[in-house]
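Please look through the sequence and the model below before reading on. The paragraphs that follow go from one part of the chain to another.

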Amino acid sequence: MLLSLTDVKKTYLTPGYGERREVLKGITFDLEERGTLAVTGPSGSGKSTLLHLIGLLDSADAGEIKFKDKTVAAMGEAERDRFRNREIGFVFQLHYLLPQHTLLDNVLLPALPGARRGDWPEIEKRARRLLERTGLKGFERALPGELSGGERQRAALARALVNSPSLLLADEPTGSLDRDTALSVAGLLRELNREENTALVVVTHSDELARGLDRVRRLENGLLKPLGPR
Ligand SMILES: Nc1ncnc2c1ncn2[C@@H]1O[C@H](COP(=O)(O)OP(=O)(O)OP(=O)(O)O)[C@@H](O)[C@H]1O
Ligand SMILES: [Mg+2]
């Protein structure tokens, strides 16, 4: 199993009120290698919170998260950072590309921490290939501000894949795009998740995107519920 969550809980202190709010009340699911899951649910239901936990960006208050049979809570900070960098690619609703760096450099950035000097030509070749695959050949030296929203999101997808992660996490990756652009970015996300053999967890309100995935779940009142027959 690539990822398993067992009875995972997350509570936030409401800012200013000192009240505790249990956002995730016991999330349990498994994701196999190359498995795909869509998560929907109302605003504020905890979808991003869940992705942050799966992405090792935040830690759970209770329950267990295992990634490749390793208990995440038992990892030291440095180990967790290395693990996250190598195993997980992120795409968010906003692209978070660095505005003063070229597209190629943006895509290469996640590869910096783990790279040895001799690896670099191969890594750069991969980054260029991903830009080509995302329809951005010729844009290597462009700055993010010179691109359309869809092009930026495709570059963010190339960046998420540069380290050949085993898991791709996407938080409303098409949420800020118009309908046609959203459909094409969603299609590309699916194609690349297949081609690159990653698992995929995507938070989305797009039926078109959710429909093609192994499972669709709705997060509501702190719990993940099946949606429809799957
Ligand atoms: N760092 C934090 N500190 C305190 N409360 C938080 C924090 N992050 C999120 N929350 C609260 O937890 C709840 C869930 O937030 P989350 O961002 O996970 O929801 P969401 O389902 O992703 O919503 P949306 O669809 O609007 O993106 C919200 O009520 C939010 O205010
Ligand atoms: Mg969110």
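In which loop does Asn221 lie? Asn221 is found in the loop between β9 (215-220) and β10 (223-226). The model is a predicted one, and every value given here was computed from it. The phi of Asn221 is near 50 degrees, which is a positive value in a residue other than glycine. Asn221 counts as exposed because 11 other C-beta atoms lie within 10 Å, and a residue is called exposed at 12 or fewer.

Leu56 also has a positive phi, of about 60 degrees, although Leu56 is not a glycine. The loop that holds Leu56 runs between α1 and β4 (62-67). Leu56 has 18 other C-beta atoms within 10 Å, so Leu56 is partly exposed.

The strand β4, which follows that loop, belongs to an open sheet. This sheet has four strands in the order β2-β1-β4-β5, with antiparallel pairing. Its edge strands are β2 (20-31) and β5 (70-71), each of which pairs on one side only. In general, the strands of a sheet pair through backbone hydrogen bonds, either parallel or antiparallel.

The sheet can be followed pair by pair, starting from the edge strand β2. Strand β1 (residues 3-13) runs antiparallel to β2, and nine bridges join the two. Within this pair, Thr11 of β1 is opposite Glu22 in β2. β1 also pairs with β4, again in the antiparallel sense, over five bridges. Here Leu5 has Ile65 in β4 as its bridge partner. The next pair is β4 and β5, which are antiparallel over two bridges. Phe67 stands opposite Lys70 in β5. β4 and β5 form a hairpin that has two residues between the strands. One residue in the turn, Lys68, has a positive phi of about 50 degrees.

Another set of strands pairs in the parallel sense, and β8 can serve as the starting point. Strand β8 covers residues 199-203, and five of its five residues are buried. Ala199, Val201 and Val203 point one way from β8, while Leu200 and Val202 point the other way. This fits a general pattern: in a regular strand the side chains alternate between the two faces of the sheet. The residues on both sides of β8 are all buried.

Which strands pair with β8? One is strand β3 (residues 36-40), which pairs with β8 in the parallel sense over four bridges. Another is strand β7 (residues 167-171), which runs parallel to β8 and is joined to β8 by five bridges. Leu200 takes part in both pairings: Leu200 is the bridge partner of Thr36 and also the bridge partner of Leu168. Between β7 and β8 the chain passes through helix α6 (residues 179-195), and this β-α-β crossover is right-handed.

Val201 of β8 leads on to the nonpolar core. The largest nonpolar core has 57 residues, and those with the most contacts inside it are Val107, Ala158, Leu169 and Val201. Helix α5 (residues 149-161) gives the largest share of this core, six residues.

Why is Ala158 called buried? Ala158 has 28 other C-beta atoms within 10 Å, and a residue counts as buried because 20 or more such atoms lie within that distance. Ala158 is placed in helix α5. With neighbours within four places in sequence left aside, Ala158 is in contact with Val107, Leu130, Leu131, Thr134 and Leu136. Val91 is 67 residues from Ala158 in sequence, and the two are 9.5 Å apart in space, C-alpha to C-alpha.

The last part to visit is the surroundings of the ligand. Ligand 1 is surrounded by Tyr12, Pro15, Val23, Gly41, Ser43, Gly44, Ser45, Gly46, Lys47, Ser48 and Thr49. By class, this shell has three nonpolar, seven polar and one charged residues. Helix α1 (residues 47-54) supplies the largest share of the shell, three residues.

Notes:
Residues numbered from 1 in each chain as written. Chains lettered and ligands numbered in written order. Predicted model: local features only at pLDDT ≥ 70, side-chain atom pairs only at ≥ 80, totals over all residues. Pairing = 2+ DSSP bridges. Right-handed = clockwise from strand over helix to strand, strands pointing away. Core = buried A, V, L, I, M, F, W, Y, C linked by C-beta atoms within 7 Å. Contact = placed C-beta atoms within 7 Å. Near = placed C-beta within 6 Å. Nonpolar A, V, L, I, M, F, W, Y, C, P; charged D, E, K, R; others polar.
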